Amino acid sequence: MAYSKADVEAKMKKTVKSLHDEFNTIRTGRASPSLFDRIMVDAYGTKTPLSQVANISVPEARLVVIQPWDKGVITDIEKAILASDLSLTPNNDGKVIRLNIPPLNENRRKELVKQAKTVAENFRVSIRNIRRDYNEVLKREQKDLGMTEDQLKKAQDEIQKLTDASIKEIDKIASDKEKEILEV
């Protein structure tokens with residue numbers, strides 16, 4: 001692995017995008033199709049993402065409607081939702097599944113905020129690990145390729161600026177998610 005500012009930046013951006021994806025699966029008081037991104041349905045003898053076996057829509061702020069393309073998998077979808085960590089109970093009328101998203105109580109909100117903070121911290125650590133890995137690459141390149149101290153310092157400063165920017169973005173995303181969870 002050789003140092004490239006573009007590589008560092010790409011890895012850090014990918015990490016921040018992963019945080020977005022992770023936060024989309026944390027439940028808030030509002031309905032959102034992204035809540036179901038990680039739900040896998042045991043359909044047709046294989047685990048399939050819910051979005052590939054059904055249409056997920058949000059007709060109201062606290063209602064999700066899941067309409068399977070094949071009515072034969074409706075019970076499999078129900079089982080997958082019940083087995084998930086969303087704490088939702090599906091209502092099935094034979095054609096569609098309706099999920100009422102109840103408002104979160106205060107204790108559940110606090111648990112979700114705590115979970116969001118833990119997730120955000122794990123992603124901050126990932127960013128710092130990327131910084132550490134590339135700083136080690138730079139030190140090896142200095143030794144092997146004869147990089148000067150000034151070049152090393154300049155490259156390390158670039159990595160630090162990318163790290164600071166990524167962590168600042170993670171903090172903003174985490175703060176926004178916390179506000180969304182605490183919204184009544």
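Here is a walk through a few helices of this structure and the charged side chains around them. Keep in mind that this is a predicted model.

Let's start with two helices, H1 (residues 5-24) and H4 (residues 149-182). Their axes come within 10 Å and cross at roughly 10 degrees. An angle under 35 degrees counts as roughly parallel, so that is the label for H1 and H4. On the H1 side, the residues that take part are Lys5, Val8, Glu9, Met12, Val16, Leu19, His20 and Phe23. They meet a set of residues in H4 that includes Glu158, Ile159, Leu162, Ile170, Ile173 and Lys177. What kinds of residues make up this contact of H1 with H4? The split is ten nonpolar, three polar and five charged.

One of those H4 residues deserves a stop of its own. Lysine 177, which sits in helix H4, is buried yet has no salt bridge. Its nearest side chain of opposite charge is glutamate 180, 4.0 Å away. Leaving aside residues up to four places away in sequence, lysine 177 touches Phe23, Ile26, Thr28 and Ala116. Phe23 has already come up as one of the H1 residues in the contact with H4.

Salt bridges are worth following further. Side chains of opposite charge can pair when their charged atoms come close. How many salt bridges turn up in a search of the whole structure? The search finds twelve. Take glutamate 22 and arginine 38, whose side chains meet in a salt bridge at 3.4 Å, N to O. This pair links distant parts of the chain: glutamate 22 belongs to helix H1, while arginine 38 is in the loop between H1 and strand E1 (40-43), 16 residues apart. Is arginine 38 buried or exposed? Its relative accessibility is 52%, so arginine 38 counts as exposed. Glutamate 22, with a relative accessible area of 26%, is partly exposed.

Now move over to helix H3 (residues 106-145), where you'll find arginine 124. With a relative accessibility of 15%, arginine 124 counts as buried, because the cut-off for buried is under 20%. Beyond residues up to four places away in sequence, arginine 124 touches Lys117, Ile167, Ile170, Asp171 and Ala174. Two of these names, Ile170 and Ala174, are also among the H4 residues that meet H1.

Asp171 gives arginine 124 a charged partner: the two form a salt bridge, with the closest N and O atoms 2.7 Å apart. Aspartate 171 is in helix H4 and arginine 124 in helix H3, so the pair ties together parts that are 47 residues apart in sequence. Aspartate 171 itself counts as partly exposed, at 34% relative accessibility.

There's another pair to add here. Glutamate 121 forms a salt bridge with arginine 128, and their closest N and O atoms are 3.4 Å apart. Both partners count as partly exposed, with glutamate 121 at 33% relative accessibility and arginine 128 at 29%. Put the pieces together and you get a network of salt bridges that links Glu121, Arg124, Arg128 and Asp171.

For a last stop, look at serine 175, also in helix H4. Serine 175 has a relative accessible area of 30%, so it is partly exposed. How far apart are serine 175 and lysine 117 in sequence and in space? They are 58 residues apart in sequence and 8.9 Å apart in space, C-alpha to C-alpha. Lysine 117 is a residue you've met before, as one of those that arginine 124 touches.

Note on methods:
Residues are numbered from 1 along each chain as its sequence is written. This is a predicted model: local features need pLDDT of at least 70, side-chain atom pairs count only at pLDDT 80 or more; totals for chains, interfaces and linings use all residues. Side-chain values use heavy atoms; hydrogens and water are left out. Helices (H or I, at least four residues) and strands (E, at least two) are DSSP runs, numbered from the N terminus. Buried means under 20% relative accessible area, exposed over 50%, partly exposed in between (1.4 Å probe, protein chains only). Contact means heavy atoms within 4.5 Å. Axes are lines fitted to C-alpha atoms, for helices over the stretch in contact, and angles run from 0 to 180 degrees between N-to-C directions. Angles under 35 degrees count as roughly parallel, over 145 as roughly antiparallel, 65 to 115 as roughly perpendicular and the rest as oblique. Ala, Val, Leu, Ile, Met, Phe, Trp, Tyr, Cys and Pro count as nonpolar, Asp, Glu, Lys and Arg as charged, and the others, Gly among them, as polar. Lys and Arg count as positive and Asp and Glu as negative; His and the chain ends are not counted.
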